[in-house]
Amino acid sequence: MTTSSPDVRPTPDAPPREWWQVWAQRRAEWWAARPVLAARWAKVRAIGLWVGLTCVLGMLVLVPDVRLSVRAWLGCAWVVIAWFFLARTKTLTWSAYLRFFTACIPWSIGIGILSTWLAATVLDARVGSTGPMVGIASVTEETLKLVPVALVALLAPRRASRFAATDWLLLGLASGTAFLLAEETLRRLLLSGGGGLIGLLERLIHGGRLPEDWIRFSTWPVPTDWDQTGAGFGGHGVVTAIVTGLVGVALVLARHVRGRVDRTALLVRVGAVVVPVMALVVAIADHAAYNGTSNGGGAGTGASTPYWLDPATTNVPWWIRVTWSAFGHGHHRPAFFVLLAVVVLLVDGARLARVPSAALVEVPRPVWVDQAIVRCNIATATWPAALRHVPAAVALAVLGTVWVVVRDWTTAVTAFVAEPGESRRVAAQRGLMAVSAQRAARELGYERLAGPVDVTARRTVVAGALVVLLLGALVLAPVTASGLDTLYDDPNWLAGVMDAIGRWWHNQSLATQLLVGAGIVALVALSGGSLGVALGVSGVLTWGLDKSHGIATWMRDPRQATRDYFRTATPFQMAMDGLAIATTFAPGNFLRSRGAAAVRGAVDDVAEDPVLWLTNKRGAVQNAPVQNPVQAGASHLVSKKNITDQVSFQANEHTQALTQRQAAAAAHTANRAAVAQKLEVLTDAGFSVSRSDLVNREIDGTVRRLRNAIRTDTSLSPGRSTALRRHVAELEAAARNEHASSTALNRASADMGEAAGRDALRSQNADIVVDGVGAGRDTIDIVGLTRERDQLLFIEAKGGGSRLSTSGRLLPDGTRAPQGSPAYLADVVRVDKALQQWLRDNPDIVQALVDGTVRPRYQLVHATAKGTVRIFELTIDPALILKAIT
């Protein structure tokens, strides 16, 4: 039973597409109209990437100076990729994310060039002197690393409105790590063989190894703090991700208070601006302090204060010195980044838990999540109003995230499992399609929560932020650097390293330059080009382009599809597809798990027509109410007390209904035995078939598969083949009989429960006034009024193995109440047409309920399969009942 929420705004139509979506569709249509050219380009591209990989390997063998640099490249790529897979609530596609990361690499080189120009032209100073290193490096680099993220928001405002908070964190991580890749790659090249005398001294001192205080990469995808004489720096990827992650959280909080004008809303809006800006200032201060300390800004003679920090001996601006001192001297930023990553994951999980329809297969939120929230609200009922729902919100964030992640992971694994007789390549393609569709469904959920998008206002705000960033880089940075004293040259930042690397480059032979240049091009292509299309289907559903023909091709002609695959597969595509195939070895119980057929059916719908699936899913998500379980209270708890012994139960209708139910159970048992016998015969004959293959949706395909297997099995004699085909026909008939008897048994169980409910009312000296049997949803099973007209009894009737529904119903306030709770009863009373009509016909009962002379009661009557009838008193809230009837 469900009801609509007042805030529902049905908008099944897709929002206007961004320019890049239009361009992508036109590009896809252009290629689709030229299939021969597309096939040739796919081959050329695959060959080029394989040649590029060979070129990289050749560069590593023939140019030893670049080996440390390539290790840095791989380490940065691992950081970006690892966090992409850890961010389970994201909406960014694999291809878009990797291409963004790759695009940020040349942008980072551009930041170095701009920094060099500012130092040489504006300041007329060497790039290694204190002014550029402390003033320009910190301000210019930290602000310009945010420009690619701001450009995404500026150029695609509607898509940015559908970002998860995790997406903002990932974009900042990609941009900052791309800068780290550029800087660290060149620094290691300088250490290995460049920089003239400096590079030679480094090699002699460290024996060709990395110095102890240099950044190192490991399987843990978070670089450690850069620590040097008391000053720390979290690293470019970490500090930029912290800024953008806080932007993502700020946007969520600002939307949460949209339309409100109270003091809390004002504080949230101010904080949404101040906190990310302050995070950027902290990043600049950390960077400046670290560079200043490494550039001779250590402790002065006989003093404990670094002289770059001492106002008597430095011109470093106060806002850098105060910020650095107030926020921990730059330490513990990686730990804060991990904490922030957990926070944004919880924020997104709480949002998705409010929109259960934003999934490949909709699953109601588990009752244990709502029960935990209710208990939190009960425990904090006496807290101040501003804090009363905080524990409940935390419970929703933690438990909702656990549920969302487990649900999505289970769905993906179920889709990857190969069905009997199905190739693992087809199963892998289906699994990848499921992952893509799941991501698209999450994006629709965030779209539902974001509400209407004012593109002009968004672009205005982002353009203003972009102007501020550019002013910081081009104006604030030179002003900050101009007042700093020169201590000594140390070209250990990107612009300085680039200056030193230039000398190394000019000393190389033409052949080495060509090989290194080709290797760099290959690395860029492999980072964004090959990886970007390894799971190219992930970007399909953003605008509904049909790229799902791969699955159909595998099903129609697997041999030809295999040949085409090896002609067009790129290196990383093979690696990622290999990982996908490995995933298909998941335990077979996932295939037989509850909901497996629904998952496979949903993926089939996506593969058949992605545009139609996306349209239907958007309509479902947009029409679904946004649930708000945090508002749930004690009225959402189910509390029952066994009163069976207090009622002298007199069986009347129940006796006959029990007999009919026992007959239905016997018929169903016989049909199950018949199915089991036929399954055993076919299994012994070597044919793979189980009960999970005989559900209504699967039975036709299972019968067809068995008949084809028998017909094509040349080892069977004609007589044996005929006998087995007869067994298949008998299995089909037995399975259909079992389904029919199961339906009959369920109906008989319900009839038995309803009969027991009516008998339970009569046994309590009450007459039936409203009988909702067979009336469908939104009705009370049975309502009775005692002959003394002092009690109105509402009955929930259950028979056999039926239980109270834990998913219950969605209430108008966005909370979900389990069946048997006071809130559930009150909401059904509100919408039960037959009951409301009876109340209108009996206004004296309504007045008596208001006066308290008629007491409402709520009972559960359960008739077991063994013939026992148990009666439970359920908790009721008379105030909610009065509200529902008046």
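# Exercises on a predicted model

In the protein chain, residues 24 or more positions apart account for 77% of the contacts with a separation of 6 or more. The model is predicted. The chain contains 31 helices and 10 strands, and buried residues make up 51% of its 886 residues.

## Exercise 1. Aromatic pairs around Phe84

Classify the ring pairs that phenylalanine 84 forms with tryptophan 94 and with tyrosine 97, and locate each partner in the chain.

**Solution.**

Step 1. A pair of aromatic rings is described by the distance of the centres and the angle of the planes. The search of the whole structure returns seven aromatic pairs.

Step 2. For phenylalanine 84 and tryptophan 94, the ring centres are 5.1 Å apart and the planes stand at 70 degrees, so this pair is edge-to-face. It links distant parts of the chain, with phenylalanine 84 in helix α3 (residues 67-86) and tryptophan 94 in helix α4 (residues 94-122), 10 residues apart. Phenylalanine 84 and tryptophan 94 are buried.

Step 3. For phenylalanine 84 and tyrosine 97, the centres are 5.0 Å apart and the planes are at 20 degrees; the pair is therefore stacked. Here too helix α3 supplies phenylalanine 84 and helix α4 supplies tyrosine 97, with their positions 13 residues apart in sequence. Both of these residues are buried.

Step 4. Ring pairs join Phe84, Phe85, Trp94 and Tyr97 into a cluster.

## Exercise 2. The nonpolar cores

Identify the residues with the most contacts inside the largest nonpolar core, and state which helix gives the largest share of this core.

**Solution.**

Step 1. The largest nonpolar core comprises 77 residues, and Trp83, Tyr97, Phe101 and Phe337 have the most contacts inside it.

Step 2. Helix α8 (residues 165-192) contributes the largest share, 11 residues.

Step 3. Beyond its neighbours within four places in sequence, tryptophan 83 is in contact with Leu170, Leu173, Pro221, Val222, Phe337 and Ala341.

Step 4. A second, separate core has 31 residues, among them Val828, Leu835, Ile876 and Ile881.

## Exercise 3. Helix α13

Compare the span of helix α13 with the expected value, and name buried residues of this helix.

**Solution.**

Step 1. Helix α13 (residues 333-353) has 21 residues; from first C-alpha to last it reaches 30 Å, close to the 30 Å expected at 1.5 Å a residue.

Step 2. Its buried residues include Phe337, Leu340, Ala341 and Val344.

Step 3. An α-helix has 3.6 residues a turn, so residues three or four places apart point the same way.

## Exercise 4. Aspartate 370

Is aspartate 370 buried or exposed, and which residues does it touch?

**Solution.**

Step 1. Aspartate 370 belongs to helix α14 (residues 367-379).

Step 2. Its relative accessibility is 6%, so aspartate 370 counts as buried, the limit being under 20%.

Step 3. Not counting residues up to four places away in sequence, aspartate 370 touches Arg365, Pro629 and Arg816.

## Exercise 5. Charges over rings

Which lysines sit over the rings of phenylalanine 179 and phenylalanine 872?

**Solution.**

Step 1. The charged end of lysine 145 sits over the ring of phenylalanine 179, 5.8 Å from the ring centre.

Step 2. Over the face of phenylalanine 872 lies lysine 640, at 5.0 Å from the ring centre.

## Exercise 6. Annotated segments

Determine the helix content of residues 68-86 and of residues 233-254.

**Solution.**

Step 1. The unreviewed UniProt entry annotates "transmembrane region" over several segments, including residues 68-86 and 233-254.

Step 2. Residues 68-86 are 100% helix and 0% strand, with end C-alpha atoms 27 Å apart.

Step 3. Residues 233-254 are 86% helix and 5% strand, and their end C-alpha atoms are 30 Å apart.

Notes: Residues are numbered from 1 along each chain as its sequence is written. This is a predicted model: local features need pLDDT of at least 70, side-chain atom pairs count only at pLDDT 80 or more; totals for chains, interfaces and linings use all residues. Side-chain values use heavy atoms; hydrogens and water are left out. Helices (H or I, at least four residues) and strands (E, at least two) are DSSP runs, numbered from the N terminus. The expected span of a helix is 1.5 Å times one less than its number of residues. Buried means under 20% relative accessible area, exposed over 50%, partly exposed in between (1.4 Å probe, protein chains only). Rings of Phe, Tyr and Trp (its six-membered ring) pair if their centres lie within 6.5 Å; planes under 30 degrees apart count as stacked, over 60 as edge-to-face and the rest as tilted. A charge sits over a ring if NZ of Lys or CZ of Arg is within 6 Å of the ring centre and within 35 degrees of the ring normal. A nonpolar core is a set of buried Ala, Val, Leu, Ile, Met, Phe, Trp, Tyr and Cys residues joined through side-chain atoms within 4.5 Å. Contact means heavy atoms within 4.5 Å. UniProt positions are given in the numbering used here, feature names are shortened, and annotations may be inferred rather than shown by experiment.
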